[in-house]
Every structure is written in structure tokens, then in C-alpha cells.
Amino acid sequence: MNLKKYVGNRAFYRKVLAVAVPMMIQNGITNLVNLLDNIMVGRLGTEPMSGVSIVNQFIFVFNLLIFGAVSAAGIFTAQYHGNKDTDGVRHTFRFKLLINLAAAILAIVSFAALDDRLISLFLHAGSAEGDLALTLSYGKQYLLIMLFGLLPYAISQVYASTMRETEQTLVPMAASVVAVGVNFILNLILIFGIPGILPAMGVRGAAIATVISRFAELAVLVAWGHTHKSRCPYLVGAYRSLRVPRALFGRIIAKGLPLMANEVLWAMAITLRNQCYSTRGLDIVAAQNISSTIVNVFNVVYMAIGSSIAIIVGNLLGAGRFDEARDADRKMLAFSVTCSAGIGLLLVASAPFFPMLYKTGDDVRALATYMMLISAATMPFCAYAHSAYFTLRSGGQVMVTILFDSAYMWCLVLPVSAILAYLTPMSIHLLFAICQGTELVKVFFGYLLLRRGTWVRRLVSEGEK
């Protein structure tokens, strides 16, 4: 094997890191503050932590819906930018805005109408600790307030994604830093209160802090974008109308709507898989919450490199530089896997210590540690699959991407999880390990799809406006 073709020079890694590091910092800070927030809620007890965790499963589906919507048009945004077509970028911006507004309204109505039934899906007897009725109550309190943050989040992602796809990655990072700073400070104040001044608000305080931080992030993005129009020229006249050319609208729908559906189906599959875990009791919900929150902090490296593939490779494809796109993709994929192996070792070393920060039982702490160790072992495989997904998406391989991502979850991971959870007495330890181990199957198919090379194609023509 010629290892040189998997290793870039300094200039190559400077370019990759210039795109990836701001996203690593942004997502790292976000996930770190989420961890700190999670620990604060975890100090309230198992029931508040579990109630918040269950609601966040549904917020996660909404967030992936928004991600899918902006990513759908983002394929075209990156290639229009590579083709220096400002009008094209402006039209994709408008498309994202319309879709995200519709998605936010639909989510608010759905969550408000189905709150009890959704939360109850995760409440099962069988744990050594935890009050199910109290957990439901905390979950409903948290969800009602969180609904007010869905709309500002949806709009902020329109701005942030377009800025990233046009190589303005520092601004979304700065906005995220402001948001998580506001969230962290308000959490300290609102969750625990100020003696003699402000009463402790518990999970309600956590939700209020999150909603305010959503508005803060949106304010930064809108203010910067509309005062720096030379760097965001697509915002000039962006709101004179919300018209998107019919031909482009149809193309984005044809290529992008399946991708948006893919993100939602994938998120729903993850949520239902976690629901399968919850059949073993409320302490499983608590342990999964601790584990996933901590693992997300360590995942930011390969997540950012994957997003960078969509931007860098997408720009190269849009410019018609196909050989460079192949070379860059191969080296970035190798870089992602290598980094994830090192990050996984750090997670292994720290796994026994993080759960000690939570006010919960020893069984929950031990299970959370075990889940983190399994996640660390599979991290390099997740990195490869994640990079393969963004590679396929950068070339508009819609149906292949869906088969590789959500179809894999619904046809393999979810059936395996449901069969083992509902039809066998298998322990949560073995159940979790088997479900996480299915990532190896995804890696195998990802390797085959990348070798075919059908993702190397241009979606926009040189003269298109």
C-alpha cells in the first residue's frame, strides 16, 4: 500500500484545518457547555435529568431536520460559491429560510400536541431507582419552554450554514461561543437560583436559559451578516422577495428533499434505538444521557472534518477539479480516522471519572462508563462512515446517501435493537455493544461506495447563474 497518497503536505492540512478548526471550536464549546449544563441538571437527581434527556431526544430529531434542510440546499451553495455565482447562493439562502420556517412551525405544533405520549415512550419500569410519573412531569415542564427556541434556532442555521459554505467559518463559531456563554451563565443562575434574590427554577431554568441563548446566537449572525455585505454579498437584496427560481427549486427538491428526509429518518431511528435501550429501565435512560453527552464532546473532531469534506470537496467539484477532489477526499478521510483513534484513547482514559460528577446511583455511573468505553472503541469506524457520508453527499449522490445512512439504520440497526430488546432477556451491556458494533457493516459498504467513484461529478455548470 502506498501510504503517501493518504498523507497531505503542510499546505493541505493548513487548508483543511482552516475550515475544520473553527467548526471544532464551535461544536466543541457547544458540546462542552452542553456537558456542563447536563451535569448541572444531573445534580438535581435522576428524574429531572432523565426527563430533560427524553425531551432532548425529540429536540435532536428537530435539529437533524433543520440540518437536513440546510444541507440539502448547501450542496448547491458550496458549488455555486466555487463557481463564483452570488445569485445562486442567494437563491439557496432563500430556499433554506422557507423550508426551515415551515419545519419549525410543524415541530412546535407536533410537540405541543403529543407531549405526554412522546415522553411516555421512554418510561418503563424495571430500574432500581427513579419515579416514572415525576420524570414525566419534569419532561413536560422542560418541553413546553423549549418550544419557544425552535424558531430562532431554525433561522440561525440558515445564516450559519450559508456562511460556512461560503468559507466564512469564524462568524458562526463566534455566534456559537456567545450563545453557549449566555446559556452557561443563565443556567448557573436560573437552575440553582440566587439565595434571597432569585428562586431555584430547576429544569424550567435550564430550558429558559437555552431559549435565550438561541435568540442571542441569531442576533449575532444577523447583525454581522447584514453589516458585512461585502463578505456576504448574497444577503444584498435577499429579503426583497423570497422568490426562488422554479428550475432551481425543483433541482434542490429533487436532490435535497430526500437528503432532508434522510436526516429525519436517521434521527428518528437513533431515537427509537435509544427507546429500545430504555426498555431495561429508567436508569438506562440516565446512563445513556450521561454517556452520549460526554461522547459528543469527543466526537467534534471527526464531525468537523466530515463537514469540511462537504465544503472543500464540494468547492472542488463545483470548479470542475475532479482529480483534486478525489485526492483531497482520500487524505481527509485518512486524517479523520487517524485523529479519531487518538481521541478514542483519551475517552477511554477519562471514562471512569465523568460519571462521578452526577448525582445518581452507582449502577447508573458504572453503566455510563461502560457505554463510553464501547463508544471509544467504535469511534474510528464512525469517523470513516461519517466522512464517507459527506463525500457521497458532496457529489449529490442522493439515493446512495439515503441507502447508506437512514436505510442502514432502519433496515439493520433498528430491527436488531428492537428484536434484542423486546424478544430476548439480553442484558443492556451486550445489547448496547451489539448495536454499536453494527457500525462495522456501514464501514464496509462505505468503502465499496467510495471506490466506485460515482460521487465525482459537478452539479452546476460554469456559466450557470
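How many aromatic pairs does a search of the whole structure find? The search of this predicted model returns 14 aromatic pairs, where rings of Phe, Tyr and Trp (the six-membered ring of Trp) are taken to pair if their centres lie within 6.5 Å, and planes under 30 degrees apart count as stacked, over 60 as edge-to-face and the rest as tilted. The model is a predicted one, in which local features need pLDDT of at least 70 and side-chain atom pairs count only at pLDDT 80 or more, whereas totals for chains, interfaces and linings use all residues. Residues are numbered from 1 along each chain as its sequence is written, and side-chain values use heavy atoms, with hydrogens and water left out.

A pair of aromatic rings is described by the distance of the centres and the angle of the planes. For F444 and F445 the ring centres lie 5.5 Å apart and the planes stand at 70°, so this pair is edge-to-face. F445 counts as partly exposed, with a relative accessibility of 46%; here buried means under 20% relative accessible area, exposed over 50%, and partly exposed in between, as computed with a 1.4 Å probe on protein chains only. Elsewhere, F93, Y159, Y234 and Y239 form one aromatic cluster.

The helix packing was examined next. Helices are DSSP runs of H or I with at least four residues, and strands are runs of E with at least two, both numbered from the N terminus. Axes are lines fitted to C-alpha atoms, for helices over the stretch in contact, and the angles run from 0 to 180 degrees between N-to-C directions; angles under 35 degrees count as roughly parallel, over 145 as roughly antiparallel, 65 to 115 as roughly perpendicular and the rest as oblique. Helix α2 (residues 46-82) and helix α3 (residues 86-113) have axes that come within 9 Å and cross at roughly 170°, which means that α2 is roughly antiparallel to α3. The residues of this contact comprise 17 nonpolar, six polar and one charged, where Ala, Val, Leu, Ile, Met, Phe, Trp, Tyr, Cys and Pro count as nonpolar, Asp, Glu, Lys and Arg as charged, and the others, Gly among them, as polar.

The axes of helix α9 (residues 246-278) and helix α10 (residues 282-318) come within 8 Å and cross at roughly 135°, so α9 is oblique to α10. On the α9 side the contact (heavy atoms within 4.5 Å) is made by R273, N274, Y277 and S278, and on the α10 side by I284, V285 and Q288. By class, three of these residues are nonpolar, three are polar and one is charged.

For helix α1 (residues 10-42) and helix α11 (residues 322-350), the axes come within 12 Å and cross at roughly 70°, which means that α1 is roughly perpendicular to α11. In this contact F12, Y13, V16 and L17 of α1 meet A328, K331, M332 and F335 of α11, and the residues divide into seven nonpolar, no polar and one charged.

Helix α11 also carries salt bridges, a salt bridge being a side-chain nitrogen of Lys or Arg within 4 Å of a carboxyl oxygen of Asp or Glu; by this rule the count comes to nine. D323 and R326 form one such bridge, with the closest N and O atoms 3.0 Å apart, and because these two residues are three apart in helix α11, about one helical turn separates them. D323 is exposed at 60% relative accessibility, whereas R326 is partly exposed at 35%.

Further along, D327 forms a salt bridge with R330, the closest N and O atoms being 3.0 Å apart, and another with K331, where the closest N and O atoms are likewise 3.0 Å apart. R330 and D327 are three residues apart in helix α11 and are therefore separated by about one helical turn; K331 and D327, being four residues apart, are also separated by about one helical turn. Salt bridges that share partners join D327, R330 and K331 into one network. In this network R330 is partly exposed at 28% relative accessible area and D327 is partly exposed at 26%, while K331 is buried at 13%.

Backbone angles were considered last. Most residues other than glycine have a negative phi, and most peptide bonds are trans. K84, although not a glycine, has a positive phi of about 60°; this residue lies in the loop between α2 and α3 and is exposed, with a relative accessible area of 71%. E167 likewise has a positive phi, near 70°, and is placed in the loop between α6 (150-165) and α7 (170-192), where E167 is partly exposed at 49% relative accessible area.
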